Amino acid sequence: MTYRATMQAAALQAPTSQVFRITEEFDRHWSALAIPMEKAETETSGERYKLLLSCPSGLLPSQVSVVFDGDYDRIPHPDINLENSVSEIWDQRVHKNPSLYNGTKFRYGKHIWHDGGGSNQEPHVCLHLGLTDYRNFVGTNLNHLWESFLVASEDDAIRCQHTSSPLGNGAIVETSDKKILVLQRSNNVGEFPGHFVFPGGHPEEPSASSPFFPSIHIHAYIMGSGCQFFSAWFTSMHSPHYQPQEVGLVSHHHEDLTDSKVINDKVSHEMFDSIVREVVEEIGVPSASLHEQVFIGISCRVLNVRPTAFFFMKCSLSSKEVQKLYATAQDSFESTQLFTVPMIDLENMASKMPGCHEGGLALYKLMVEAVKNV
């Protein structure tokens with residue numbers, strides 16, 4: 001039975017008030033998930049990123065809220081031929097690899113900033129997130145006609161209303177000896193192979209030429225409200241250990257405002273929890289060594305309009321200690337090398353970062369300057 005069929009069958013048999021778990025382990029053909037950049041789709045030396053939101057003072061979890069609503073889902077493009085290309089591209093990929101899985105992601109819609117109004121209130125940002133999936137991401141943002149999906153507007157929410165725009169995440173991690181962690185991406189990934197990146201989530205996965213074929217444990221939790229939360233545990237076949245990585249929600253369906261608030265709170269907490277998991281899985285440091293996590297803003301890569309939320313956190317370990325742990329990292333196959341560098345070296349690496357991560361560096365620099373001026 002396929003994964004989707006298994007999930008549907010179990011959901012029909014279980015009452016919605018019952019929390020149930022489904023575990024299905026299978027090997028993924030990563031080559032189908034690695035989306036190679038079109039030859040013409042390369043970043044130029046011009047503007048490579050745009051800062052959608054900058055929070056140089058750094059926001060704590062209590063200062064970041066989320067509204068998760070269908071109003072912020074992708075709007076189909078009115079050009080029927082262009083819209084049909086989304087399904088055509090996906091169908092072509094599924095035909096090449098029937099095991100390709102269409103996972104859900106949170107979609108960045110827009111944000112509302114509250115500066116406290118000059119009072120004693122703390123600044124606060126509310127992120128408006130919708131739901132999207134891998135199929136729409138491949139068919140819009142990674143479509144060779146991706147620019148045709150954009151609307152001529154200065155308002156980014158309107159400009160990108162027809163694109164999938166899943167919200168990625170990235171972490172600026174500072175060690176106890178004031179070094180920043182930077183990874184060099186594997187040559188076996190679909191986008192920007194060999195480039196420098198900060199730890200974080202990437203929509204595509206390693207290709208089949210990677211030495212590790214991860215197994216996936218899918219756990220579904222059907223909440224009493226009818227909302228379905230999915231968690232995926234990515235782990236190497238060569239290791240019995242795995243850690244949870246939240247994938248997202250299956251639908252917006254909920255019965256009342258109380259359910260809606262619970263969901264919004266869960267999504268907000270997930271933003272901070274997930275970036276810690278990413279660092280643990282990609283770097284190999286224990287979660288207990290990571291502290292003082294703050295949200296510093298959102299960068300958008302100009303190429304393919306890819307938004308990424310960035311966080312800053314400190315690690316209680318030294319750069320040498322981190323390097324030793326990196327060799328045992330769960331997801332070390334996604335990268336070939338870990339660098340622990342001072343700010344001046346980050347500047348030299350910037351030109352070989354994807355635009356969204358160069359934007360993450362810009363957000364970090366704004367945070368450093370803000371600290372100096374305090």
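This passage walks through confidence, sheet pairing, aromatic contacts, cysteines and one loop serine in a predicted model.

Confidence comes first. Mean pLDDT for the protein chain sits at 78, with 72% of its residues at 70 or more. One weak patch is residues 1–40, where the pLDDT is below 50, although this stretch still has 97 contacts in the model beyond near neighbours in sequence. Another is residues 202–248, again with pLDDT below 50, and here the count beyond near neighbours in sequence is 177 contacts.

Next, a sheet. Three strands line up in the order S3-S5-S4 as an open sheet, and the pairing is mixed. Strand S3 (64–68) and strand S4 (104–114) are the edge strands, each of them pairing on one side only. On average, and ignoring direction, neighbouring strands of this sheet are turned by 30 degrees against each other. Between S4 and strand S5 (residues 124–133) the pairing is antiparallel and runs over 10 bridges. At residue level, Lys105 stands opposite Thr132, which belongs to S5.

On to the aromatics. Two numbers describe a pair of aromatic rings: the distance of the centres and the angle of the planes. The structure holds eight aromatic pairs. One of them joins Trp90 and Tyr134 in an edge-to-face arrangement, at 6.1 Å centre to centre and with 75 degrees between the planes. Trp90 belongs to helix H3 (residues 80–96) and Tyr134 to helix H4 (residues 134–139), so this pair ties together parts that are 44 residues apart in sequence. Trp90 is buried, its relative accessible area being 8%, and Tyr134 is buried as well, at 5%. A further pair is formed by Phe312 and Tyr364, which counts as stacked because the ring planes are at 15 degrees, with the centres 5.9 Å apart. Here the partners come from strand S13, which holds Phe312, and from helix H9 (residues 355–372), which holds Tyr364, so the pair links parts 52 residues apart in sequence. Phe312 and Tyr364 are both buried. Back at the Trp90 site, Phe137 joins Trp90 and Tyr134 in one aromatic cluster.

The cysteines can be dealt with quickly. The disulfide count is zero. Why does Cys160 not bond to the closest cysteine sulfur? That sulfur belongs to Cys300 and lies 5.9 Å from the sulfur of Cys160, which is too far for a bond, because a disulfide needs the two sulfur atoms within 2.5 Å. Cys160 nonetheless counts as buried, at 11% relative accessibility. Cys55 is buried too, with a relative accessible area of 1%.

Last comes a serine in a loop. Ser318 lies between strand S13 (306–315) and helix H7 (319–326), in the loop that connects them. Is this loop residue buried or exposed? Ser318 turns out to be buried, because its relative accessible area is 19% and the cut-off for that label is under 20%. Leaving aside residues up to four places away in sequence, Ser318 touches Thr175, Ser176 and Asp177. Strand S13, which precedes the loop of Ser318, is also the strand that carries Phe312 of the stacked pair.

Key. Residues are numbered from 1 along each chain as its sequence is written. This is a predicted model: local features need pLDDT of at least 70, side-chain atom pairs count only at pLDDT 80 or more; totals for chains, interfaces and linings use all residues. Side-chain values use heavy atoms; hydrogens and water are left out. pLDDT is the predictor's confidence in each residue, from 0 to 100. Contact means heavy atoms within 4.5 Å. Helices (H or I, at least four residues) and strands (E, at least two) are DSSP runs, numbered from the N terminus. Buried means under 20% relative accessible area, exposed over 50%, partly exposed in between (1.4 Å probe, protein chains only). Rings of Phe, Tyr and Trp (its six-membered ring) pair if their centres lie within 6.5 Å; planes under 30 degrees apart count as stacked, over 60 as edge-to-face and the rest as tilted. Two strands pair if DSSP finds at least two bridges between them. Axes are lines fitted to C-alpha atoms, for helices over the stretch in contact, and angles run from 0 to 180 degrees between N-to-C directions.
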